Amino acid sequence: MSDFEKQPYVNSFAEILSYTLSDDEANSAATALISRHGNLDAILSCSENELCEIGGFGINTAILIKLLGYVNARGTIDSVKNNEKLGDLKLMEYIKALFIGLTVETVYLILFNADGGIISAEYMGEGTVSASDVYPRRLLECAVSKKAKAVILAHNHPHGNTAPSKDDIASTKQLEALFATVGIELLKHYVVADGDIGVIDG
């Protein structure tokens, strides 16, 4: 992104930061954060200490930024009604909202009914789907208990990219087969990173 393209993001972000900083400080901090990360989603993946270090401000401003992300994400998540059928764009925004502000790898399982309506998004734990603290049995039990007919798996790569690891790909294939044993379809496995989203087809 060129400096010209970044400027609208810098201006908007500086307006928010001006609630806790002077105009000059807010513009300088917004420029530093946008230059480093490019977009708000990526900025919100930073810890409070990282924000302070990059932006040159105190903890109160860092907390304001994080709260902004949580409020925005909550609004997106709450806008989805039970059993609603989501179009591709709204589904992508919903999935990305689940991970806004998270600084560690986290796994969500999104559950759908027989008509393709969303049942819920269930937090499954920290780590990737191949990590020891997120067991395939736990994912399966969650889907069965909610009477899901299809699921989407999603996890994030904080400060990384959306390219799946070999473990991500292998785990997707194993989970696809596991869900199939109880008649549940694994539709997709999404990887979220810095406001972008990639997919491992189920």
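Here are five short exercises on this predicted model, each with a worked solution.

**Exercise 1. Getting your bearings**

Work out how many helices and strands the chain has, and in what order the elements run.

*Solution.* Start with the tally: the secondary structure comes to eight helices and five strands. Next, walk along the chain from the N terminus, where the order reads α-α-α-α-α-α-β-β-α-β-α-β-β. Finally, picture the space that the chain takes up: along the principal axes, its C-alpha atoms fill a box of roughly 60 × 35 × 30 Å.

**Exercise 2. H4 against H5**

Find the angle at which helix H4 and helix H5 pack, then list the residues that meet.

*Solution.* Two numbers come first, since packed helices are described by the angle between their axes and the distance between the axes. For H4 (residues 48–55) and H5, the angle is about 115° and the axes are 9 Å apart. Now look at the hand of the crossing, which is right-handed for this pair. Then turn to the side chains and backbone that touch: H4 brings Glu48, Leu51 and Cys52, and these meet Ile59, Ala62, Ile63, Ile65 and Lys66 in H5. Sorted by class, this contact has six nonpolar residues, no polar ones and two charged ones.

**Exercise 3. H5 against H6**

Decide how H5 and H6 are oriented to each other, and name the residues that make the contact.

*Solution.* Begin with the geometry: the axes of H5 (residues 59–78) and H6 (residues 88–99) come within 9 Å and cross at roughly 140°. An angle over 145 degrees would count as roughly antiparallel. H5 and H6 are therefore oblique to each other. Their crossing is left-handed. The contact is built from Ala73, Thr76 and Ile77 on the H5 side and from Glu93, Tyr94, Ala97 and Leu98 on the H6 side. Five of these residues are nonpolar, one is polar and one is charged.

**Exercise 4. H7 against H8**

Carry out the exercise for H7 and H8, and say which classes of residue make up the contact.

*Solution.* The axes of H7 (residues 136–145) and H8 (residues 166–180) come within 10 Å, crossing at roughly 40°. Angles under 35 degrees count as roughly parallel. H7 and H8 are therefore oblique to each other. H7 passes H8 in a right-handed crossing. In the contact, Pro136, Leu139, Leu140 and Ala143 of H7 face Leu175, Leu178 and Phe179 of H8 as partners. By class, the contact has seven nonpolar residues, with no polar and no charged ones.

**Exercise 5. Empty space**

Locate the largest pocket and the largest cavity, and describe what lines each of them.

*Solution.* A useful idea to keep in mind is that rolling a probe the size of a water molecule over the atoms shows where empty space is left.

Take the pocket first:

- The largest pocket has a volume of about 170 Å³.
- Its lining consists of Tyr70, Ala73, Arg74, Ile77, Tyr94, Ala97, Leu98, Ile100, Leu102, Tyr108 and Ala121.
- H5 and H6 are the elements that give two or more residues to this lining, and the largest share, four residues, comes from H5.
- By class, the lining of the largest pocket has ten nonpolar residues, no polar ones and one charged one.

Then move to the cavity:

- The count comes to one cavity of 30 Å³ or more.
- The largest cavity has a volume of about 100 Å³.
- It is lined by 14 residues, and the closest to its centre are Ser45, Phe99, Val192, Asp194 and Gly195.
- H6 and strand E4 (185–193) each supply at least two residues of that lining.
- The lining of the largest cavity divides into six nonpolar, five polar and three charged residues.

Note on methods: Residues are numbered from 1 along each chain as its sequence is written. This is a predicted model: local features need pLDDT of at least 70, side-chain atom pairs count only at pLDDT 80 or more; totals for chains, interfaces and linings use all residues. Side-chain values use heavy atoms; hydrogens and water are left out. Axes are lines fitted to C-alpha atoms, for helices over the stretch in contact, and angles run from 0 to 180 degrees between N-to-C directions. Angles under 35 degrees count as roughly parallel, over 145 as roughly antiparallel, 65 to 115 as roughly perpendicular and the rest as oblique. A crossing is left-handed if the near helix is turned anticlockwise from the far one by less than a right angle, and right-handed if clockwise. Contact means heavy atoms within 4.5 Å. Ala, Val, Leu, Ile, Met, Phe, Trp, Tyr, Cys and Pro count as nonpolar, Asp, Glu, Lys and Arg as charged, and the others, Gly among them, as polar. On a 1 Å grid over the protein atoms alone, a cavity is a set of points where a 1.4 Å probe fits but cannot get out, and a pocket is an open set with protein on both sides within 12 Å along at least five of seven lines; lining residues have an atom within 4 Å of a point. Grid points are joined across faces, edges and corners, and a volume is the space filled by probe spheres set on the points.
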